[in-house]
Amino acid sequence: MIIRFAILPLLLALNLSMCKKQESVSASSQQASASSATPAAIATPIAASSPKITKPVVDQTAQVLIFCYHRLVDKIRYPGTEITPAAFEAQMKELKDRGITVISLQDLLAWKRGEKNIPPRSAVVSFDDGWKSQYEVAWPIMKKYGYPFTMFIYTEGMRDNGVDIEGHSATHQDLREGHTITLISGGKRTRTKVTGPQYEEWMQNEVVGSKQLLEQRLGIKVNCFAVPFGNYNEHVKEIARNSGYEAMFTVYGQPITFTSPMDSIGRYAIEANKPKVFEDAVKMIATSSGGGAAVAEVGAKDLSTHPADGETVRTALPLIKANLSAVGAIEPGSVQMRVSGLGVVPASYDPKSGTVSYQVTQKLHEKSCSVIISAKSQGKKVEAHWTFGIEEGAAGAATSPVATPKK
């Protein structure tokens with residue numbers, strides 16, 4: 001088992017140091033204030049004509065790419081979660097060379113709230129799980145370029161200017177009800193499926209308890225949650241919202257727009273075995289000088305998607321389809337479907353039924369699959385996306401495909 005960097009002790013030590021400095025500064029300020037204040041000064045009322053604070057007019061056509069990294073190592077052993085330090089630094093340099101501004105995750109959220117403007121072509125860099133190489137390798141590179149970044153860490157397992165710590169569950173497992181998980185009791189690990197009240201109690205610790213632990217131990221505000229493995233459903237999203245998370249992040253990559261839903265924000269997972277992911281991402285916005293066209297987001301639940309959002313299927317060759325009738329009049333030639341691991345696929349669109357479908361012919365090898373469908377309706381671009389799971393053991397298995405329905 002690969003040993004992770006003991007990140008929480010470092011976080012606690014840095015936070016304690018910061019608190020002591022703040023207490024010292026606060027005490028000095030109070031003494032100075034007390035010695036200089038006079039009765040006349042204290043009695044002076046605040047001017048009635050205080051300036052009115054208004055929200056800025058934000059650029060709603062801006063777009064943001066969010067990248068997700070795990071381990072940075074010279075010798076790649078697990079290409080699904082690793083990348084070399086040289087490749088990572090080259091990507092950070094490319095963002096700068098292409099004029100894509102790296103912003104903080106909190107700046108992205110402030111823009112989505114309409115409180116702050118961001119450059120028309122921006123990027124957010126995030127790291128998952130708190131690996132040692134993120135501290136020893138990634139951090140110096142990010143400092144070199146002056147880039148802020150976010151770490152999604154789970155509590156079972158650095159705080160400095162530009163480092164944002166956010167939630168990633170307690171034990172980093174599939175959060176959907178009915179999936180096999182590992183429970184630890186009395187030092188013994190048990191593989192089991194939890195449902196009903198037992199599942200709800202477990203989820204409280206995974207989603208709520210992990211958030212509270214980070215906030216209490218580190219004295220920070222945790223308002224973002226990265227779903228482990230990108231697997232989620234409507235109930236997982238509901239629990240995250242009720243827990244006080246402002247945004248939830250997954251691993252299906254797409255440019256984030258002003259109207260992108262806050263409970264399923266996609267990140268591009270950068271891996272050694274998928275070298276084109278980064279290039280494809282930056283090309284999508286690097287050619288535009290004024291941001292992208294506004295995109296209207298459509299919820300997957302309104303499109304009768306198959307497989308459904310959050311559903312787990314037993315085949316690595318599923319039939320993927322969605323009904324676009326609820327969107328309105330669709331320009332047939334504008335319909336496009338992207339599937340994670342495959343890219344743009346030759347999907348069929350039936351204008352009469354409004355159904356777009358694609359029978360997967362190349363086995364899907366990941367445990368989760370994300371689908372993005374885009375089209376034009378009345379001259380406006382619309383987009384929908386969802387993620388479904390593939391049952392463990394089925395990914396890559398030789399399963400007979402379902403026949404594609406005729407148009």
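**Helix α5 and its buried glutamine**

With a relative accessible area of 1%, Gln-134 is buried. Here is a short tour of this residue, the helix that carries it and the cysteines, all taken from a predicted model.

**Gln-134 and its surroundings**
- Gln-134 sits in helix α5, which covers residues 132-145.
- A polar atom of the Gln-134 side chain lies 2.8 Å from the backbone oxygen of Asp-128.
- Met-151 is 17 residues away from Gln-134 along the chain, and the C-alpha atoms of the two are separated by 8.9 Å.

**Helix α5**
- The 14 residues of α5 should span 20 Å at 1.5 Å a residue, and the end C-alpha atoms are indeed 20 Å apart, so the two values agree.
- There is a bend of about 40° in α5 at Ala-138, and the proline Pro-140 follows within four residues.
- Ala-138, where the helix bends, is also one of the buried residues of α5.
- The other buried residues of the helix are Ser-133, Gln-134, Trp-139, Ile-141, Met-142 and Tyr-145.
- Just after α5 comes Gly-146, with a positive phi of about 70°.

**Cysteines**
- Cys-224 has a relative accessibility of 0%, and because buried means under 20%, this cysteine counts as buried.
- Cys-369, at 1% relative accessibility, falls under that 20% cut-off too and therefore counts as buried.
- The structure holds zero disulfides.

Methods:
Residues are numbered from 1 along each chain as its sequence is written. This is a predicted model: local features need pLDDT of at least 70, side-chain atom pairs count only at pLDDT 80 or more; totals for chains, interfaces and linings use all residues. Side-chain values use heavy atoms; hydrogens and water are left out. A disulfide is a pair of cysteine sulfur atoms within 2.5 Å. Buried means under 20% relative accessible area, exposed over 50%, partly exposed in between (1.4 Å probe, protein chains only). Helices (H or I, at least four residues) and strands (E, at least two) are DSSP runs, numbered from the N terminus. A polar contact is a pair of N or O atoms within 3.5 Å; within protein, one must be able to donate a hydrogen and the other to accept it, and residues adjacent in sequence count only if both atoms are side-chain atoms. The expected span of a helix is 1.5 Å times one less than its number of residues. The bend at a residue is the angle between axes fitted to the seven residues ending there and the seven starting there.
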